[in-house]
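Work through the exercises below with the sequence and the 3D view open. Try each task before you read its solution.

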Amino acid sequence: MNDQTLKKLKELVLARLTVMPQDISISIGDKNLDKKALTDHVQSEDEIGKQMMEMELEFLQDLASGAIYGHE
């Protein structure tokens, strides 16, 4: 993935996190992360931040392919 695509994906993930409820939390491995922690990880592009971006990309690919909402 080139730098421009990575930057846009990061912006998208951060925007989606912004609209999530304040009390949301996600478990990744043995860590339970709140919205602030998730945002910090994506901002720093560390391992957890990269996992969040990869999950978003997979979601978008599934959405585009019809795997979500079942285009039959």
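**Exercise 1.** Which residue forms a salt bridge with Glu-11, and how far apart are the closest N and O atoms?

*Solution.* Begin with the ground rules. This is a predicted model, where local features need pLDDT of at least 70, side-chain atom pairs count only at pLDDT 80 or more, and totals for chains, interfaces and linings use all residues. Residues are numbered from 1 along each chain as its sequence is written, and side-chain values use heavy atoms, leaving out hydrogens and water.

Next, apply the rule: a salt bridge is a side-chain nitrogen of Lys or Arg within 4 Å of a carboxyl oxygen of Asp or Glu. The partner of Glu-11 is Lys-8, with the closest N and O atoms 3.9 Å apart.

Now place the pair. Both residues lie in helix 1, three residues apart, about one turn of the helix. Helices here are DSSP runs (H or I, at least four residues), numbered from the N terminus.

Last, check exposure. Buried means under 20% relative accessible area, exposed means over 50%, and partly exposed is in between (1.4 Å probe, protein chains only). Glu-11 is partly exposed at 39%. Lys-8 is partly exposed too, at 48%.

**Exercise 2.** Find the salt-bridge partner of Lys-10 and say where each residue sits.

*Solution.* The partner is Glu-45, at 3.0 Å from N to O. This pair links distant parts of the chain, 35 residues apart. Lys-10 is in helix 1, while Glu-45 is in the loop between helix 2 (35-44) and helix 3 (47-65). Lys-10 counts as buried because its relative accessibility is 16%. Glu-45 is partly exposed, at 29%.

**Exercise 3.** Which parts of the chain does the Arg-16 and Glu-56 pair tie together?

*Solution.* First, the contact: their side chains meet in a salt bridge of 3.0 Å, N to O. Arg-16 lies in helix 1 and Glu-56 in helix 3, so the pair ties together parts 40 residues apart in sequence. Then the surroundings: Arg-16 is partly exposed at 35%, whereas Glu-56 is buried at 9%.

To finish, give the total: the rule yields four salt bridges.

**Exercise 4.** Which residues make the nonpolar surface patch?

*Solution.* Start with the criteria. Patch residues have over 30% relative accessible area and no salt bridge; like charges are joined within 9 Å, and nonpolar side chains (Val, Leu, Ile, Met, Phe, Trp, Tyr) within 5 Å. Areas come from the Shrake-Rupley method with a 1.4 Å probe; for residues, only the protein chains shown count as cover.

The members are Leu-12, Leu-60, Leu-63 and Tyr-69, and the patch is about 380 Å². Take Leu-12: it lies in helix 1 (residues 3-18). Its relative accessible area is 32%, so Leu-12 is partly exposed.

How values were computed. Helices (H or I, at least four residues) and strands (E, at least two) are DSSP runs, numbered from the N terminus.
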